[in-house]
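Trainee: I'd like to go through the reasoning behind the labels on this model. Can you bring it up so I can quiz you?

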Amino acid sequence: MDYIRAKQIGIQYDLSDLLSNDDLYIIDESCSYGVQNPLTTLTYTPTQSLLVLATHGPNAQLHLFGQPRTHITLPLPNTKTAIRSVHFCLDSRALFVLDTSGELSLWGLETEMGEAIAEAAAQQAGQTNKRASLGLSGGAKRPKLWCSYSPPGKVTAIEVDPVLDYCFLGLESGEVVAYDLTRERFCERWRMLNPFADRVMKSKLPKAESVKLHPRNMDLLLVAYELGVVVWSFQKGKVVECEYELLPGAQGGDVGVEGVRERRKPRCQKALWSPSGQFICAVYEDGSIVFFRGSDGVLVGSRTLKEGNIHVQKPLPPYATGSGIIQVRDPIWDIKWVTNGPNVDDTSLLVSGGDVVGEGKDGITVINFGATPVALTAGPQVWADYFARAKPRTLVTPVGTPVVEMCVIPRGSPHYGGGLDPVAVVCLLANGTLATVAYPNGETVRAAEYYHPSVAMMHGQIGEVYSRVIERNQWLKMKEAFVERPGKLAPFVVGGADVKRSMRRDEDRLVAMAAFRDGKVRIWDLGHGDEIENPGVIEVDVERVVGKDFFQTGLGITAIDMASGTGELVVGLNSGEVAVFKWGKNRYLDPATAPEPMEMGDLVKDVAFRADPELAVGLMPVCLVDEKRVSRVVKVRSSDVGFIGIAYEDGGISILDMRGPHIIYHSSVREGPADKGKRISVFKPHSSSPDASAEFITSMEFSIMLLEESEFTSLNFHYGTSLGKTHTVTLLPAQPGPCFAATYVSSLSSSASPVHSILPIESNRGLPSLATHMGLAALSEGRKHHGVLVSVSATEIRLFRPPATKGTKLSLSSKDSRFITAQTAIHRGHGTVLLTINTAGIIAAYTLPNLKEIWKTDLTAAPLNYHPAHLSEIKISPSGDIIGKTENNRVFVVNLWGTGLVLDRDERAAVMINPTLRGPNRPTITNVAWITGTAHITTEQLALILSGPPEERGPIKHGYALLPPPPPPGAMRRTDIGSQQEGEGLWASMSKALDERTKALDNVGESMNRLGDSVAGFGNEVDKFVKGSTRKAGWGLLKSKFF
């Protein structure tokens, strides 16, 4: 019977004959975008130009991003914890990770391909010992976990230097210990005890809040405790305490006047060095930001975000009666001390939080101190004014979410606390998303222009993810171009090298269109596991085009579609408005030549003038459709021939002809078709049904086919409803004018369940019978294009040629799971099948036209393990790809006709580290500081303090040690601060070095005195010579006159 009915609707062959073999259905994990869990922290290295995002548990991961599509994922050994902090170390060739359980992990990032790059670079440089010159050990490596370490106590703070072989760990007991990264061992010879152990009870010992090594002098370690801030000297073996206590009358960070009557000592939260190391900045729980001199710990200034000198006593205010309103201050979430350029003495403070609740804007507060006064001539008042006079400004981030962590992007050097000459700041917001602002101008950075699609997805709260197949030639044209201007931010995540994949030049591209709650739409090529020729991400700002603030007005994107052949983008909003974008040049870059807005009628507005002024070529706004409805847009459909279908939640349906542009068709499924006189209905409308008042459009499609009982092929518009009806409208050229007119044809009531998919196919080949330019051109030639509609509702699949009801169908029983989506998929050279997904997570393949099930699998089972709650968000592409979004906004793509490849095959082959790139050496103290007697130590002496002599340190395990090789037995070794004889103690060596420097300073003083005496003697001789010459000249004149 099905065979006879297929013949009746014009299908003469089995379109799925070659796809009935189960062996063809092998799932390929093509690609994945986004991160698996909410973000917890992030870091960046300018040496390798890599960005790392760390996630929350369970199954916490590290995501490393480089060039546009370079990405690898590293899982945490302990799957039940989250990542607290992550740091690049060993010259950015390894990652040091701290999780919430206190366990430390060291990851090596170099790969086998990375060593090949190093060898090639060495050969070009003519080096004979290639591996030795690059500091590489033999053997092939891949990114892997080198070691895990459980420290002797819970870690509360960590300090990892970019180039040193050691890191410092602050413990809950208040002690600070060291760990040797290259030897993977705890440094037992050194431990800094809690400096407050003799002041408080053992049960109340303060923990280490933060640990920071001096940016220039490795002799000084800054440790913050709740009770205060101390500076430890490795050479002296003792601490200098920085005290902050507020006397009665000092405002501090308290809001109001009642709290200033008492003597108080706020708890410290964090401390950091200035970029030059001259000052210390300490942050306290009351919002105080206090500055100490780094050399002796003397307090030199204090402030909050807006007020200065808050530690100075003032007259006590009178007692207030109280207004009943209690003001509080936001905590300071994060703070960074950065430079305003390459000069480390010209600085600014970046602060997130710390303002009075309700008074500040969400974002980063910048306190620009400017150039530092000369230390030799500046007095206490100069320093107090220097830190107090700076006025704050705000770098605005998305409204409603505070910045909880800042990642500064330095221009080139990872030293000076990572804040030397920053170009941008990546902000981690409280809701787990990211925001990037340029520094110092504060402009919002287009995430699509600078990041991998996965990182761009984290910039903003993502909503629905749509997909569409775009013709390859059209997609290759869609590369955005921006206006070149001075000071434009250069790409900064450009490290690594992506793996080369196979090319599929004969296939169209599968692109994703992600809607964000801030009005952004980002579009990128998902790929088929092949080489992506256009790896860029396109970004569209719908908020700018609509002219309304999405956050304040509650606007949101509810529907997106893109034309396959033209790239025309349509975006529907919950306000009932529809924005249309078209690829082209920005005509409004030059105001002198910009055209005037076009008159498009009451329902359609010209919004081309609202194009992004920074965008020269891209998706430009064309028009905004506003039918003044109070209903949201539920579906949009864009065709290649200039027609756009718009469906509203109240049952309204409209067709927009872009040749005007203007609306050519209005109707409502709840009120009946707009052209009732020409309606050919097979079944009576269900107007008496109680659900008819809630009917709305659920699917739409444009086609070119020969309708039943028609002599000519026509351009058609089909739409299905929530009550199982499938309607057809024909579009014919209107006379006069270039526009078309719409005529309602028929409706078919197949079932009472929603129609999820309407799929027009050709009767003879099974290819999509969509509205294309070639098909539209063939209409004028009188060609007949035979096709059928595949209509899939929740309970039924039906093949028919409208307006007739004859055809084949498959109905589900009441016990079967309901269909939620369907798509006709083409396997080149094998035929076409109908793929469906039901509410149980089963994806099945049916033959056409007989609708026989030939294959199925469970998406919720291994290896995909897709969550059943997100089955409604799954999409099927015509190429057999399954696009899904998980509960954590992660988008994945699998192909049903693959070869069994796994998802991380490309990540294993990706190269993240280039061994030929080396970071700058660690800065040291200045010549003036050395002359004035500033104590400092070298890298070798620090290693001697922490780990002992070289023979006791053990072997280097990773070949990354930045220390020079140990000297042979009995040899002498010169250092920067003196010489150390064999068998001589470290402290004796340092004491001898200080004596040598003191003698050198005495010699310098004597030399300066001798120089002064010489200059004075020379002046006396010159004076005598001048006087003698004057006397001789006078006598000569007298002799010439009188004698």
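Trainee: What makes Asp180 and Arg183 a salt bridge?

Mentor: The rule asks for a side-chain nitrogen of Lys or Arg within 4 Å of a carboxyl oxygen of Asp or Glu. For Asp180 and Arg183 the closest N and O atoms are 3.2 Å apart, so the pair passes the 4 Å test. Keep in mind that the model is predicted: local features need pLDDT of at least 70, side-chain atom pairs count only at pLDDT 80 or more, and totals for chains, interfaces and linings use all residues. Residues are numbered from 1 along each chain as its sequence is written, and side-chain values use heavy atoms, with hydrogens and water left out.

Trainee: How many salt bridges does this rule give?

Mentor: The count comes to 39.

Trainee: Asp421 and Arg411 also form a salt bridge. Which of these two is called buried, which exposed, and why?

Mentor: Buried means under 20% relative accessible area, exposed means over 50%, and partly exposed is in between (1.4 Å probe, protein chains only). Asp421 has 15%, so Asp421 is buried; Arg411 has 57%, so Arg411 is exposed. Their closest N and O atoms are 2.7 Å apart.

Trainee: And what about Arg472 and Glu533?

Mentor: They form a salt bridge too, with the closest N and O atoms 2.7 Å apart. Arg472 lies in helix 7 and Glu533 in the loop between strand 32 and strand 33, so the pair ties together parts that are 61 residues apart in sequence. The helices and strands here are DSSP runs numbered from the N terminus (H or I with at least four residues for helices, E with at least two for strands).

Trainee: Why does Glu533 get the label partly exposed?

Mentor: Its relative accessibility is 23%, so Glu533 counts as partly exposed. Arg472, at 13%, counts as buried.

Trainee: Which residues are linked in a network of salt bridges?

Mentor: Arg468, Asp561, Arg637 and Glu701. Arg468 also has a backbone story: its bridge partner in strand 31 is Val511.

Trainee: How do you know that strand 29 and strand 31 pair?

Mentor: Two strands pair if DSSP finds at least two bridges between them. Strand 29 and strand 31 have seven, in the antiparallel sense, so they qualify. Strand 29 is also mostly covered, with seven of its nine residues buried.

Trainee: What makes something a cavity, and how many does the structure hold?

Mentor: On a 1 Å grid over the protein atoms alone, a cavity is a set of points where a 1.4 Å probe fits but cannot get out, and lining residues have an atom within 4 Å of a point. Grid points are joined across faces, edges and corners, and the volume is the space filled by probe spheres set on the points. There are three cavities of 30 Å³ or more, and the largest has a volume of about 100 Å³. Of its 14 lining residues, the closest to the centre are Val540, Asp541, Asp612, Leu615 and Leu619.

Trainee: How does the lining of the largest cavity divide by residue type?

Mentor: Eight nonpolar, no polar and six charged. Ala, Val, Leu, Ile, Met, Phe, Trp, Tyr, Cys and Pro count as nonpolar, Asp, Glu, Lys and Arg as charged, and the others, Gly among them, as polar. Strand 38 gives the largest share of that lining, four residues.

Notes
1 Å grid on protein atoms, 1.4 Å probe; cavity = no way out; pocket = protein on both sides within 12 Å on 5 of 7 lines; lining within 4 Å.
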